[in-house]
Amino acid sequence: MAKAEDIIAALGGADNIIEIEPCATRLRTEVKDAGAVNEAGLKAAGAFGVMRQGTVVQVVVGPEADTIATDIEDILD
Amino acid sequence: MTRVLSPVGGRVVGLAGVPDPVFAQAMVGPGTAVDPAREPGQAIAPVTGKIVKMHPHAYVVVDDEGHGVLVHLGIDTVQLKGEGFELLAAEGDRVTAGQPLVAWDPAAVEAGGRSPICAVVALDASAEALSDVVESGTVQRGAELYVWS
């Protein structure tokens, strides 16, 4: 869960996250304010890479993406 | 030492030939990629081991040495939500290299506007750990793509 919490924080906190969806290798997220996303923080949380296109942020975490997404959703709910 | 087999038959394009930066830049690991023949087929297990992740469009098999190989069938295929993919095995199953795991149709993926290119990634491996990596030419399903030491 610590990893999920770190990722939420680096995405600008729970209130900044509109949607989060796991893929085989990455978390596809949509945020309200792209400026609040901390790329270094995401990498410190274990992300291999971060791809940003406007408010869509893809966090590359490897095949554990579905497990991490479930943890994040549990925290957000 | 793990011999990693091609999950599909087709034309080898290398990871750099995958139209997705995560794979092309080897963010999740080194490996290679195959542009599959445009005919309905069954993607096979690249190694003997346990299926630790089973999505309709992607799977990971970990062998007894702890080497996990990711096979990703097409790009952005998560958006298809499983449509067009039939699972022939389940997460947690022990499988043999060459065993069919997913039935799909690369031509249908392409017709939907997505690339059917299949990335075959050595998860968390260093590039130096792979040898004899095939990065061009044609490959038969089940032929060796690389050796992971």
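Contact means heavy atoms within 4.5 Å. This is a predicted model, where local features need pLDDT of at least 70, side-chain atom pairs count only at pLDDT 80 or more, and totals for chains, interfaces and linings use all residues. Residues are numbered from 1 along each chain as written, chains are lettered from A in the order written, and side-chain values use heavy atoms, without hydrogens and water.

**Exercise 1. Describe the area buried between chain B and chain A.**

Step 1. Count the residues. On chain B, 19 residues are in contact with 16 residues of chain A.

Step 2. Take the area. Buried area is the accessible area (1.4 Å probe) that two parts lose on being put together, summed over both. Here the value is about 1300 Å², and carbon and sulfur atoms give 65% of it.

Step 3. Find the main contributors in chain B. B:M27, B:K53 and B:V78 lose the most area to chain A, together 36% of what that side buries.

**Exercise 2. Find the salt bridges and polar contacts between chain B and chain A.**

Step 1. Apply the salt-bridge rule: a side-chain nitrogen of Lys or Arg within 4 Å of a carboxyl oxygen of Asp or Glu. The count is four. One of them joins B:K53 to A:D66, with the closest N and O atoms 2.8 Å apart.

Step 2. Apply the polar-contact rule: a pair of N or O atoms within 3.5 Å; within protein, one must be able to donate a hydrogen and the other to accept it, and residues adjacent in sequence count only if both atoms are side-chain atoms. Five residue pairs, both at pLDDT 80 or more, are in polar contact.

**Exercise 3. Place B:T77 and decide whether it is buried or exposed.**

Step 1. Locate the residue. B:T77 lies in the loop between β7 and β8 (86-87) of chain B. Strands are DSSP runs (E, at least two residues), numbered from the N terminus.

Step 2. Check accessibility. Buried means under 20% relative accessible area (1.4 Å probe, protein chains only). B:T77 has 1%, so B:T77 is buried.

Step 3. List its surroundings. The side chain of B:T77 reaches the backbone oxygen of B:L73 at 2.8 Å. Beyond four places in sequence, its contacts are B:H57, B:H72, B:F85, B:V109 and B:R114.

**Exercise 4. Work out which strands stand at the edges of the β4-β10-β8 sheet in chain B.**

Step 1. Read the order. Three strands form this open, antiparallel sheet. Two strands pair if DSSP finds at least two bridges between them.

Step 2. Name the edges. β4 (41-44) and β8 of chain B each have a single partner strand, so one side of each lacks a neighbour in the sheet.

Step 3. Check one pairing. Four bridges join β4(B) to β10(B), residues 100-104. B:G41 has B:W104 as its bridge partner in β10(B).

Definitions and conventions:
Buried means under 20% relative accessible area, exposed over 50%, partly exposed in between (1.4 Å probe, protein chains only).
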